[in-house]
Amino acid sequence: MSIITRYKGTIKFMSFEGGFYGIVTDNNLKFLPTNLTEKYRQNGAIVEFSGDEIKDIKTSQQWGIPFEINDI
């Protein structure tokens, strides 16, 4: 049985590296979602979400933990 961790955080628009959206959790974890839909691309929006860290990947943003959202 796997444990699903839910996070609560704030969507942040970062204007560097061409601009992208990240999520900063209440305990200051930084996630770089790879599949954040247009609906949730709202700077300052507060969301609850779960998903999986993506290991062994390099991103051009070099910000946060690459993350695939399963539920938001």
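These legends walk you through four close-up views of a predicted model.

**View 1. Meet S50, a residue of strand β4.**
Strand β4 covers residues 46-53, and S50 is one of the residues in this stretch. With a relative accessible area of 5%, S50 is buried, because anything under 20% falls in that class. Look around S50 and you will find its contacts: I4, T5 and R6 on the one hand, and F67, E68, I69, N70 and D71 on the other. That list leaves out residues up to four places away in sequence.

**View 2. An aromatic cluster made of Y7, F31, F49 and F67.**
Here the rings to look for belong to one tyrosine, Y7, and to the phenylalanines F31, F49 and F67, which form one aromatic cluster. Counting ring pairs whose centres lie within 6.5 Å gives nine aromatic pairs. F67 may be familiar from the view before, since it also appears among the contacts of S50.

**View 3. D56 in the loop between β4 and β5.**
Follow the chain into the loop that links β4 with β5 (65-71), and you come to D56. Its phi is near 55 degrees, a positive value in a residue that is not glycine. D56 counts as exposed at 85% relative accessibility, because the class begins over 50%.

**View 4. Q62, also in the loop between β4 and β5.**
Q62 sits in the loop between β4 and β5. Although Q62 is not a glycine, its phi is positive, at about 50 degrees. Is Q62 buried or exposed? At 72% relative accessibility, Q62 counts as exposed.

Note on methods:
Residues are numbered from 1 along each chain as its sequence is written. This is a predicted model: local features need pLDDT of at least 70, side-chain atom pairs count only at pLDDT 80 or more; totals for chains, interfaces and linings use all residues. Side-chain values use heavy atoms; hydrogens and water are left out. Helices (H or I, at least four residues) and strands (E, at least two) are DSSP runs, numbered from the N terminus. Buried means under 20% relative accessible area, exposed over 50%, partly exposed in between (1.4 Å probe, protein chains only). Contact means heavy atoms within 4.5 Å. Rings of Phe, Tyr and Trp (its six-membered ring) pair if their centres lie within 6.5 Å; planes under 30 degrees apart count as stacked, over 60 as edge-to-face and the rest as tilted.
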